[in-house]
Amino acid sequence: AVAPDGSGGCYIGGSFTSVAGVARLNLAHVRADGTLDAWDPQTNGPIECLLATAEGIYIGGSFLNCGGEASPNLGLVHRTTGASLHWTPTPDSVVRALATDGTDIFVGGKFKNINGVQRRGFAVVTKSQVVTSLDLNLNSNSVNLPPEVNALYYRFGKLYLGGQLVGVAGATRVGAGAVLLSNGAALPWNPSVGARVRSITY
């Protein structure tokens, strides 16, 4: 996972123990000149996605601790110090995608619950850690497994989703779909992908 820092460098995440010969546990910040910054939040499991914002770096993956605090699978750390900013919605399984409209955080993954609220594969969480009422009612091809969202892309009030899906907001959408965020309604965009989608961009 890679997130630009706005100054030519990048925050990177994955499953590693060092960068440029320096100990770094799954997370690091590489400056524009290629040198390694002191930023070192550390997680005890792999990182799947990063989202850099003015308030901090949102981190998703499969872990129990982030930035020195218990924060299962999803957390927020300071852009400079790497310390936890105590945003811990606690999804019950892996987080694989993050996006934002500048107000709320869109979370995708393979979870069934987040912050004690039932949400299958996708949730909207406020910056004050409240799960909003928007539920896209995603469906998978198995009643026993939650739908899996691997990719999210927000643009002009529309949210595009990709993953292991067969239904989005009451409409048949295989692999990928899109919704209007103002009301959660499915949009006509329907590529009907025959396998799992892992990334979306514009």
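## Exercises on a predicted all-strand model

The largest pocket has a volume of about 220 Å³. Keep in mind as you work that this is a predicted model.

**Exercise 1. Describe the lining of the largest pocket: which residues are closest to its centre, and which strands contribute?**

Let's start at the centre. The lining comprises 18 residues, and those closest to the centre of the pocket are Cys49, Leu50, Ala97, Leu98 and Leu152. Next, look at the strands: β1 (2-4), β6 (47-53), β11 (95-100) and β16 each provide at least two lining residues. Finally, sort the lining by class, which gives 13 nonpolar, two polar and three charged residues.

**Exercise 2. Leu152 was among the residues closest to the pocket centre. Place strand β16 in its sheet: what is the strand order, and which strands are at the edges?**

Begin with the order. The open sheet has four strands, arranged β16-β17-β20-β21, with antiparallel pairing. Its edge strands are β16 (148-155) and β21 (185-186), each of which pairs on one side only. Now follow β16 to its partner: seven bridges connect it with β17 (residues 158-164), and the two run antiparallel. Within this pair, Leu152 is found opposite Leu161 of β17.

**Exercise 3. Trace the pairing from β1 through β2 to β5. How many bridges join each pair?**

Take the hairpin to begin with. β1 and β2 are antiparallel and share three bridges; Val2 has Ile12 in β2 as its bridge partner. Five residues lie between the two strands of this hairpin, and Gly6 in the turn has a positive phi of about 85°.

Moving on, β2 is joined to β5 (residues 27-30) by four bridges, again in the antiparallel sense. Here Gly13 faces Leu27 in β5 as its opposite number.

To finish, compare the two faces of β2 (residues 10-13): Tyr11 and Gly13 make up the covered face, while Cys10 and Ile12 make up the uncovered one.

**Exercise 4. Why does the radius of gyration of the protein chain agree with a compact globule?**

First, set the expectation: for 202 residues, a compact globule would have a radius of gyration near 17 Å, and the protein chain has 17 Å, so the two agree. Then add the dimensions, with the C-alpha trace spanning about 50 × 35 × 30 Å along its principal axes.

For the interior, 50% of the 202 residues count as buried. Among contacts with a separation of 6 or more, 33% are between residues 24 or more positions apart. As for secondary structure, the chain has 21 strands and zero helices.

Note on methods. Residues numbered from 1 in each chain as written. Predicted model: local features only at pLDDT ≥ 70, side-chain atom pairs only at ≥ 80, totals over all residues. Heavy atoms only, no water. Pairing = 2+ DSSP bridges. 1 Å grid on protein atoms, 1.4 Å probe; cavity = no way out; pocket = protein on both sides within 12 Å on 5 of 7 lines; lining within 4 Å. Points joined across faces, edges and corners; volume = space filled by probe spheres on them. Nonpolar A, V, L, I, M, F, W, Y, C, P; charged D, E, K, R; others polar. Rg over C-alpha atoms; globule rule 2.2 N^0.38 Å. Buried < 20%, exposed > 50% of the residue type's maximum accessible area, 1.4 Å probe, protein only. Contact = heavy atoms within 4.5 Å.
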